[in-house]
Amino acid sequence: MNTIKNKIVSIDIALIKFYGIPKRNERTPDAVTTLIGTILSQNTNDKNSYKAYLNLTKNYPNWETVADLPLSMIEMEIRTAGLTKQKAKAIKGALNGIKQEQNRISLDYLTEMDNKAAIKKLTAFDGVGVKTASCVLLFSLSRNVCPVDTHVNRTLNKIGVVTSSNPEKTFWTIFYDIPENTAHSFHTNLIRLGREFCRPSKLYCGNCPVRNICKFEDKTQNILEHRDNSFLLLDSL
Ligand code: SF4
């Protein structure tokens with residue numbers, strides 16, 4: 001096993017020991033639903049993006065209807081998620097782009113593609129980056145890819161798995177090194193670690209569950225007393 005893969009195995013085991021195996025959605029959401037949910041989740045917290053997601057799915061019967069809404073209506077429905085103009089444009093653009101290609105709003109054809117081809121296809125839509133595309137692969141196609149957001153990027157850099165300047169570089173650095181059936185637990189538990197112990201504003205290395213593995217030289221003695229709640233949008237669609 002190579003070094004990155006070894007490190008990922010150790011971290012995954014330590015985090016599962018501490019957090020457990022993260023629960024997955026009771027029913028796997030279709031790829032379009034995960035695509036829209038992930039666009040809504042960009043640069044906001046999961047509770048606010050979930051409210052926006054519920055507005056869209058409660059008020060309209062299907063994605064076809066959302067695709068036909070004027071941009072201003074989509075903006076109003078998703079206002080709790082922030083960046084409404086940008087997100088409404090990305091949602092409407094992606095839905096109509098899929099419809100033009102397929103004559104219906106479905107991403108079922110992704111199941112025939114390998115991971116790289118599916119990411120390339122999804123990132124061709126405006127407003128869809130590698131993180132969003134990889135969430136579709138992990139949460140809807142059950143592929144063994146680990147989306148890298150700011151939490152995953154920060155924690156992997158701190159622990160010493162990668163030395164990378166941005167999430168996309170980190171994603172491709174670990175792309176081939178995720179051990180089979182590990183991506184979901186690894187991704188989800190790293191997000192929790194980044195929200196709770198390894199925060200951008202303060203590090204709680206004192207009782208961090210990966211303290212013994214982490215190579216960060218300036219570890220603190222801070223002890224985390226109160227843990228964040230564990231609600232994750234993409235496991236709740
Ligand atoms: S030991 Fe400190 S720096 Fe390392 S992962 Fe934990 S909180 Fe982050």
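This report walks through the fold, the two domains, the core, the ligand shell and a handful of residues in turn.

**Overall fold**

First things first: this is a predicted model. The protein chain is helical through and through, with 11 helices and zero strands. Read from the N terminus, its elements simply go α-α-α-α-α-α-α-α-α-α-α. Its radius of gyration comes out at 18 Å, close to the 18 Å that the globule rule gives for 237 residues, so the chain is as compact as a globular protein of that length. Laid along its principal axes, the C-alpha trace spans about 55 × 35 × 35 Å.

As for packing, 39% of the 237 residues count as buried. Take the contacts between residues at least 6 apart in sequence, and 66% of them join residues at least 24 apart.

**Two domains and where they touch**

The chain splits into domain 1, made of 3–23 + 146–228, and domain 2, which covers 31–139. Their C-alpha centres sit 27 Å apart. Where they meet, domain 1 puts in nine residues and domain 2 puts in five residues. On the domain 1 side, helix H10 (167–174) and helix H11 (183–196) each chip in at least two residues. That same side of domain 1 is made up of five nonpolar, two polar and two charged residues.

**The nonpolar core**

The largest nonpolar core holds 63 residues, and Leu35, Ile91, Ala94, Val136 and Val210 have the most contacts inside it. Which helix gives the most to this core? That would be helix H8 (residues 130–139), with seven residues. The core isn't confined to one domain either: domain 1 and domain 2 each supply at least three residues.

Leu35 is a handy place to start looking. Skipping its neighbours within four places in sequence, Leu35 is in contact with Ala94, Leu107, Thr132 and Val136. Two of those partners, Ala94 and Val136, are themselves listed with Leu35 among the core residues with the most contacts.

**Around the ligand**

There are 14 residues around the ligand, and Cys198, Cys205, Cys208, Cys214 and Phe216 come nearest. By class, this shell counts 10 nonpolar, one polar and three charged residues.

Cys198 deserves a closer look. It lies in the segment after H11. Is Cys198 buried or exposed? It counts as buried, because it has 25 C-beta neighbours inside 10 Å and 20 or more is the mark for buried. Leaving out residues within four places in sequence, Cys198 is in contact with Arg154, Thr155, Lys158, Leu193, Leu203 and Cys208. Of these partners, Cys208 also belongs to the residues that come nearest the ligand.

**Long-range pairs**

Three pairs give a feel for how sequence separation and distance in space relate here.

| Pair | Apart in sequence | C-alpha to C-alpha |
|---|---|---|
| Cys198 and Thr155 | 43 residues | 6.5 Å |
| Ala90 and Asp126 | 36 residues | 6.0 Å |
| His184 and Thr123 | 61 residues | 21 Å |

Ala90 belongs to helix H6. It is buried, with 23 other C-beta atoms within 10 Å. Beyond its neighbours within four places in sequence, Ala90 is in contact with Ile39, Asp126, Gly127 and Val128.

His184 has its place in helix H11, one of the two helices that each supply at least two residues to the domain 1 side of the contact. His184 counts as buried too, with 22 C-beta neighbours inside 10 Å. Residues up to four places away aside, His184 touches Pro22, Arg24 and Leu138. Of these, Pro22 falls within the 3–23 stretch of domain 1, while Leu138 falls within the 31–139 range of domain 2.

**Two asparagines with positive phi**

Two loop residues are worth a click in the viewer. Asn43 has a phi near 55°, a positive value in a residue other than glycine. You'll find Asn43 in the loop between helix H2 (31–41) and helix H3 (46–59). Why does Asn43 count as exposed? It has 12 other C-beta atoms within 10 Å, and a residue is exposed if that count is 12 or fewer.

Asn103 also has a positive phi, near 70°, and again is a residue other than glycine. Its loop runs between helix H6 (84–102) and helix H7 (115–123). Asn103 counts as exposed, with 8 C-beta neighbours inside 10 Å.

Conventions. Residues are numbered from 1 along each chain as its sequence is written. This is a predicted model: local features need pLDDT of at least 70, side-chain atom pairs count only at pLDDT 80 or more; totals for chains, interfaces and linings use all residues. A residue is near a molecule or strand if its C-beta atom, placed from the backbone, lies within 6 Å of it. Ala, Val, Leu, Ile, Met, Phe, Trp, Tyr, Cys and Pro count as nonpolar, Asp, Glu, Lys and Arg as charged, and the others, Gly among them, as polar. Domain bounds come from an automatic or database domain assignment. Two residues are in contact if their C-beta atoms, placed from the backbone, lie within 7 Å. Helices (H or I, at least four residues) and strands (E, at least two) are DSSP runs, numbered from the N terminus. A nonpolar core is a set of buried Ala, Val, Leu, Ile, Met, Phe, Trp, Tyr and Cys residues joined through C-beta atoms within 7 Å. The radius of gyration is taken over C-alpha atoms; the globule rule is 2.2 Å times the number of residues to the power 0.38.
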